[in-house]
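Biologist: I would like to learn how to read a structure feature by feature. Could you take me through this one?

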Amino acid sequence: MPTSNALICRTKIVATLGPASSDYETIRDLAVAGADVFRFNFSHGTHEDHAARHAIVRRVEAELGEPIGILADMQGPKLRVGVFADGKVTLKPGASFRFDLSTAPGDETRVCLPHPEIIAVAKPGSRLLMDDGKLAVVVKAVGPDWLESTVDVGGVLSNHKGVNVPDVALPIPALTEKDRRDLAFALDLGVDYIALSFVQRPEDVSEARTLVGERANLLVKLEKPQAIENLEAILELTDAVMVARGDLGVELPPENVPLVQKRIIRLARRLGKPVVVATQMLESMISSPTPTRAEASDVATAVFDGADAVMLSAESAAGQYPREAVRIMNRIIWRIEQDAEWQSMMARARLAPEDYVADAIAGAAQQVADTLKAPAIVAYTHRGATAFRIARERPSCPILGITPTHEAGRRMALVWGVRAVVNEGKQVTNVEDMVDSALDVVNRARIGSSGNSIVIAAGVPFGVSGSTNTLRVAKIP
């Protein structure tokens, strides 16, 4: 079992790697401090950078003895204005401003918008937001290759600032040519999750699923209002989901973001899909060794809502205090999870099992474990599905996910309450072997004591004769 000295939490931590966290010592420290999954942001860095980090993470994983997940985050389409003759202009409220396809440098009256897709679907009344929502214009007229707008919120607009179009679905695929190259590289590298950006419709997920296949789990980032409109259909097609509050917070009114976050978490939990809450969770720790109290409350809210994981972005990738950010996030999670009210909330939020056998087994495992006050549920799982379904029940004891493959173990690193154990090469041919192996893992993990009962669940298919949808109770010797 691991040598990590982090507080063992049910809610997982995703830490982004970057310039501040690319060496062996830092990555190892982040894992020891409580990071369960490392995010590789393909908006930055080269393939060589990501390959070097991948090798280090796998070296740390082997040393600590517990699976570590790797999430490859695709950049997605980036919509930006062109350039200005003087590098920037000041847009004044009420002034007219034109966007067109001309590559000539812009001025205070116009600028190039090198995205004909936006011009094709924009309508009078559509809003364009720029520079992360700091500036806003309203379209008043549309031509074949231009948009005429009125400045609503003014300010300084400089070269290549981003553009958001919240009011319309853009006819732009979620995967660019760069993304396709990055995706192929990440899959060959052997990452565990692919994060898909700029998702607007279920078809975006289906396209990515065709490319990814079974080589990794697919995680959809929810950052477009159009994705929220298609939320259930999108979640049905993905393996996991992220509440990406950066772009989502630009394109939605800020007062709507907390409600959308809670809605996504509720639906993801109902469907048994891991859900990650991301962006600006401990933003001040980019330059400060401690978070604000509001940030601590933000992390706590995600934990109370039952999120599977919370994520650090620039805090761990480029900040001055990456180790401290992971440590304090781990401490906040642990403190909330010790609270009696949190435990009561998890119990009240449990969902009724769905009407098929595997889900009934998962629900029964939680109920039996609670009744017996079992120190652990042991889930035998070939690809992680059994552990995912038991985690949906939010049991009051840890879930030990035993699997014969490293791939499944790493995918379980993102899942609430699951500690993955890879029993590679160990033959388990019948239910008796399964029970013996489970007891061995529980003893090595030092969970429970002699005489305690553990609950053992095996789903379909595990390859053990007679274990299909099996539920067993065993005493720790």
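Biologist: Which residue in E11 is the bridge partner of Met130?

Modeller: First the general idea: strands of a sheet pair through backbone hydrogen bonds, either parallel or antiparallel. In this predicted model, Met130 has Val163 in E11 as its bridge partner. E7 and E11 run antiparallel and are joined by two bridges.

Biologist: Which strand pairs with E7 over four bridges?

Modeller: Strand E8, residues 135-142, pairs with E7, residues 127-130, in the antiparallel sense. Within that pairing, Leu128 has Val137 in E8 as its bridge partner. The hairpin of E7 and E8 has four residues between the strands, and Asp131 there takes a positive phi near 55 degrees.

Biologist: What is the strand order of the open sheet of six strands?

Modeller: The order is E6-E5-E9-E8-E7-E11, and the pairing is mixed. Strands E6 (110-112) and E11 (163-164) stand at the edges with a single partner strand each, so one side of each has no neighbour in the sheet. Elsewhere in the order, E5 (residues 96-100) pairs with E9 (residues 146-153) in the antiparallel sense over five bridges. Asp100 stands opposite Trp146 in E9.

Biologist: Now a parallel case. How many bridges join E14 to E15?

Modeller: Four bridges join strand E14 (residues 240-244) to E15, and the two run parallel. Met242 stands opposite Val276 in E15. E15 is also joined to strand E16 (residues 309-312) by two bridges, again running parallel. There, Val277 has Val310 in E16 as its bridge partner.

Biologist: Which way do the side chains of E15 point?

Modeller: In a regular strand the side chains alternate between the two faces of the sheet. From E15 (residues 275-278), Val275 and Val277 point one way, Val276 and Ala278 point the other way, and all are buried.

Biologist: What does Val275 touch in the way of core residues?

Modeller: One of the residues in contact with Val275 is Ile264, which also touches Leu222, Ile228, Leu231, Val241 and Val243, leaving out residues up to four places away in sequence. Ile264 is among the residues with the most contacts inside the largest nonpolar core, which has 76 residues. Others in that group include Phe38, Ile194 and Met329. Another core, of 34 residues, lies apart from it, with Val14, Ile361, Ala374 and Met412 among its members.

Biologist: How should I read the packing of H1 and H2?

Modeller: Two packed helices are described by the angle between their axes and the distance between the axes. For H1 (residues 24-33) and H2 (residues 47-64), the angle is about 50 degrees and the axes are 10 Å apart. H1 and H2 are therefore oblique to each other, and their crossing is right-handed. Tyr24, Ile27, Arg28, Ala31 and Val32 in H1 meet residues of H2 including Ile56, Val60 and Leu64.

Biologist: Last, the loop between E3 and E4. Is Gln75 buried or exposed?

Modeller: Gln75 has a relative accessible area of 19%, so it is buried, the cut-off being under 20%. Its place is in the loop between strand E3 (69-73) and strand E4 (88-91). Leaving aside neighbours within four places in sequence, Gln75 is in contact with Phe42, Ser43, Lys178, Asp179 and Ser197.

Biologist: And is Ala85 buried or exposed?

Modeller: Ala85, placed in the loop between E3 and E4, is exposed, with a relative accessible area of 58%. Not counting residues up to four places away in sequence, Ala85 touches Pro105 and Gly106. The C-alpha atoms of Ala85 and Leu30 are separated by 45 Å, with their positions 55 residues apart along the chain.

How values were computed: Residues are numbered from 1 along each chain as its sequence is written. This is a predicted model: local features need pLDDT of at least 70, side-chain atom pairs count only at pLDDT 80 or more; totals for chains, interfaces and linings use all residues. Side-chain values use heavy atoms; hydrogens and water are left out. Two strands pair if DSSP finds at least two bridges between them. Buried means under 20% relative accessible area, exposed over 50%, partly exposed in between (1.4 Å probe, protein chains only). Contact means heavy atoms within 4.5 Å. A nonpolar core is a set of buried Ala, Val, Leu, Ile, Met, Phe, Trp, Tyr and Cys residues joined through side-chain atoms within 4.5 Å. Axes are lines fitted to C-alpha atoms, for helices over the stretch in contact, and angles run from 0 to 180 degrees between N-to-C directions. Angles under 35 degrees count as roughly parallel, over 145 as roughly antiparallel, 65 to 115 as roughly perpendicular and the rest as oblique. A crossing is left-handed if the near helix is turned anticlockwise from the far one by less than a right angle, and right-handed if clockwise.
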